[in-house]
Amino acid sequence: MPEIPDHLDMGLSILFIGFNPSLRSGETGHHYANPRNNFYRILYRAGLTPRLYEASEDQDLLKMGYGFTNIVARPTRGIDDIDRSEYAEGRKILRAKLRKYRPKVACFVGKGVYAEYSRKSKVDWGFQPDPVIPEIHEFVAPSSSGLVRMPMEEIVGIYRRLAEYIAEHGE
């Protein structure tokens, strides 16, 4: 299955970083396309978007300053289908993307994604005190997968902190 294209640009307010695309995303070519994934509902409810977007509109979020990439580009059924060498290679590629595009905030969609990127075992929600790339704010948010057991209001509340930061800093 082909990789789905990143949505990257210079000066993004937020670059959302996932583990890897789902099979549904691979089929459609759009980020967070699995109908059970809550990503676009979370962004809307947290105040990051003015309306509810569909996965087929993911490229439109670039105009709002939001980009998309993954630590592993290959679509899979789940993260258990990703091997260690793919994470190691993905970590290098992701760091190069961050250094090149310099988003204001790198938002990791899931603690596991950030742990793979940073190699840190202790990760809390929100902004990280010691970013891997010092000039980029690193924010860890819950996964938007429908399999996540955290209450939706709690997830939205964490993403709302990101929306408040963006609103406060005019980014």
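**Figure 1. Helix 2 passes helix 5 in a right-handed crossing.** This view, like the others, is taken from a predicted model. The axes of helix 2 (39–46) and helix 5 (152–169) approach within 8 Å, at a crossing angle of roughly 60°. Helix 2 is therefore oblique to helix 5. On the helix 2 side, the residues that take part are Ile42, Leu43, Arg45 and Ala46. Helix 5 meets them with Met152, Glu153, Ile155, Val156, Tyr159, Arg160 and Ala163. Sorted by type, the residues of this contact are eight nonpolar, no polar and three charged.

**Figure 2. The largest nonpolar core has 29 residues.** Ile14, Phe16, Phe39, Leu48, Tyr159 and Leu162 have the most contacts inside this core. At least two core residues come from each of strand 1, helix 2, strand 2 (66–70), strand 3, strand 5 and helix 5. Helix 5 gives the largest share, eight residues. A second, separate core is made up of 21 residues, among them Ile82, Tyr87, Leu98 and Ile136.

**Figure 3. Surroundings of Leu48, one of the residues with the most contacts inside the largest core.** Apart from neighbours within four places in sequence, Leu48 is in contact with Ile14, Leu43, Met64, Tyr66, Tyr159, Leu162 and Ala163. Leu43 and Ala163 also take part in the contact of helix 2 with helix 5.

**Figure 4. Asn38 and Tyr32 in the loop between helix 1 and helix 2.** Helix 1 spans residues 23–28. Asn38 counts as buried because its relative accessibility is 16%, under the 20% limit. When neighbours within four places in sequence are set aside, Asn38 is in contact with Ser144, Ser145, Gly146 and Met152. Met152 is also one of the helix 5 residues that meet helix 2. Tyr32 is buried as well, with a relative accessible area of 14%. The phi of Tyr32 is near 55°, a positive value in a residue other than glycine.

**Figure 5. Helix 4 (residues 111–118) and the residue that follows.** Within helix 4, Val113, Tyr114, Glu116, Tyr117 and Ser118 are buried. The elements that cover these buried residues include strand 1 (14–18), helix 3 (84–101), strand 3 (105–109) and strand 5 (137–141). Arg119 comes just after helix 4 and belongs to the loop between helix 4 and strand 4 (126–127). Although Arg119 is not a glycine, its phi is positive, about 65°.

**Figure 6. Met1 in the segment before strand 1.** Met1 is exposed, with a relative accessible area of 54%. Met1 and Pro75 are separated by 74 residues in sequence, yet their C-alpha atoms are 6.8 Å apart in space. Pro75 is also in contact with Met1, as are Leu23, Gly26 and Glu27, with neighbours of Met1 within four places in sequence left aside. Leu23, Gly26 and Glu27 fall within the residue range of helix 1 (23–28).

Note on methods. Residues numbered from 1 in each chain as written. Predicted model: local features only at pLDDT ≥ 70, side-chain atom pairs only at ≥ 80, totals over all residues. Heavy atoms only, no water. Buried < 20%, exposed > 50% of the residue type's maximum accessible area, 1.4 Å probe, protein only. Helix = DSSP H or I, 4+ residues; strand = E, 2+ residues; numbered from the N terminus. Contact = heavy atoms within 4.5 Å. Core = buried A, V, L, I, M, F, W, Y, C linked by side-chain atoms within 4.5 Å. Axes fitted to C-alpha atoms, helices over the stretch in contact; angles between N-to-C directions. Parallel < 35°, antiparallel > 145°, perpendicular 65-115°, else oblique. Left-handed = near helix turned anticlockwise from the far one by under 90°. Nonpolar A, V, L, I, M, F, W, Y, C, P; charged D, E, K, R; others polar.
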